[in-house]
Amino acid sequence: MDLNHLSRLTNQQDVYSNGTAKIVRSTPIDANARNDELPSVVYHGLDKSALPEAGGIITDVYVASTETNEEVGARLSKVVKLLSKDLGAASADLKYSYDAAIANLSPDLIQKDWGFSISAGELTVTAGSDDLSQQETNTIHDALLAAGVKYGAEAVSNTVIEALKLDRGPTGVSNGVGRYDVSKDNFGDVVDLRVYLQSHAPGGRYGQHVVDPSDVAGQFYTGGQAMMDQISVKAEENYTRPADFGRIET
């Protein structure tokens, strides 16, 4: 690589970039050194094997980001919107349909500990600390389906999955929410939507300071936090950004 074509990044580190890769130096390049004396940008070695006459050694080489700072900012702003406003709207629709389904269940079934979610496009009902007979499971499942809960569950699921995927960006990895592996196939194994709704109910963790009870979507503005309460515990971190991500092996 021709070092004469590298532009110095405007920061305090000795970093050079040509838009495709960047290099980090332990010492600056000697501008007076001859071209044939400059070390390769992929050179690594101990101090004792350095080329002092060439002005030092290259310590690390990384693939440069394909996004500008403005593009990163816009992408992360959309992640925030998805996990707040958009998730709030989807959650409000889910709550309306869930409340309609609950109204058609017996008090005994309502009081029992059970949950529901969606995986691979199918609505699922699972027993909690209370046992459910097959008939009780079917009764709950049918009531949820009849009230349109499946559509609300899909909207919530799709919003969360989109946000996590977007957080990873073009690199496909993240140190934020995107590091968690949540997909349409495993969403039901990770998120219990009844627990999610109950966390925003009066007395729930996120339902204690409701300003306007009529603003259902606004009640779920913290839906992203409630989702992460479950995701951070149950989901695998299969998309964590490695500490040396982008480093070119030499």
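This passage describes helix 3, the largest nonpolar core, the second largest pocket and several single residues in a predicted model.

Helix 3 covers residues 134–146. Its 13 residues should span 18 Å at 1.5 Å a residue, and the end C-alpha atoms are 18 Å apart, so expectation and model agree. Four residues of helix 3 are buried: Thr137, Ile140, Ala143 and Leu144. Seen down the helix axis, these buried residues fall within an arc of 135°, and therefore they line one face of the helix. The spacing follows a general rule. An α-helix has 3.6 residues a turn, so residues three or four places apart point the same way. The face of helix 3 turned away from the buried side carries Gln134, Gln135 and Ala146, which are exposed.

Several elements cover the buried residues of helix 3. Among them are helix 1 (69–102), helix 2 (107–111) and helix 4 (149–168). Strand 5 (114–119) and strand 6 (122–127) are also included in this cover. After helix 3 comes Gly148, with a positive phi near 80°.

Gly148 also appears among the contacts of Ser97, a residue of helix 1. Ser97 has a relative accessibility of 8%, so it counts as buried. Beyond its neighbours within four places in sequence, Ser97 is in contact with Ala147, Gly148 and Val149.

A second positive phi occurs in the loop between strand 5 and strand 6, at Ala120. The phi of Ala120 is about 50°, although this residue is not a glycine. Most residues other than glycine have a negative phi.

The largest nonpolar core holds 44 residues. Those touching the most other members are Trp114, Phe116, Leu144, Val182, Leu193, Met227 and Ile231. Helix 1, helix 3, helix 4, helix 5 (187–190), helix 6 (193–198) and helix 8 (223–234) each supply at least two residues of this core. Strand 5 and strand 6 each do so as well. Helix 1 gives the most, with ten residues. Leu144 thus belongs both to the buried residues of helix 3 and to the core members listed above.

Leu193 shows how distant parts of the sequence meet in this core. Leaving aside neighbours within four places in sequence, Leu193 is in contact with Leu94, Phe116, Ser117 and Ala153, among others. Its contacts also include Val156, Phe187 and Met227. Two of these partners, Phe116 and Met227, are themselves listed with Leu193 among the residues that touch the most other core members.

The second largest pocket encloses about 300 Å³ of space. Its lining consists of 17 residues. Lys95, Leu197, His200, Ala201 and Pro202 lie nearest the pocket centre. Helix 1, helix 6 and helix 7 (216–219) each supply at least two lining residues. Helix 1 gives the most to the lining, with four residues.

Helix 7 contains Gln219 and Gly218. Gln219 is buried, with a relative accessible area of 14%. Not counting residues up to four places away in sequence, Gln219 touches His200, Tyr206, Val210, Asp212 and Pro213. His200 is also one of the residues nearest the centre of the second largest pocket. Gly218 is partly exposed, with a relative accessible area of 36%. The C-alpha atoms of Gly218 and Lys85 are separated by 7.9 Å, while the two residues are 133 residues apart along the chain.

Definitions and conventions. Residues numbered from 1 in each chain as written. Predicted model: local features only at pLDDT ≥ 70, side-chain atom pairs only at ≥ 80, totals over all residues. Heavy atoms only, no water. Expected span 1.5 Å × (residues − 1). Buried < 20%, exposed > 50% of the residue type's maximum accessible area, 1.4 Å probe, protein only. Arc of directions from axis to C-beta. Contact = heavy atoms within 4.5 Å. Core = buried A, V, L, I, M, F, W, Y, C linked by side-chain atoms within 4.5 Å. 1 Å grid on protein atoms, 1.4 Å probe; cavity = no way out; pocket = protein on both sides within 12 Å on 5 of 7 lines; lining within 4 Å. Points joined across faces, edges and corners; volume = space filled by probe spheres on them.
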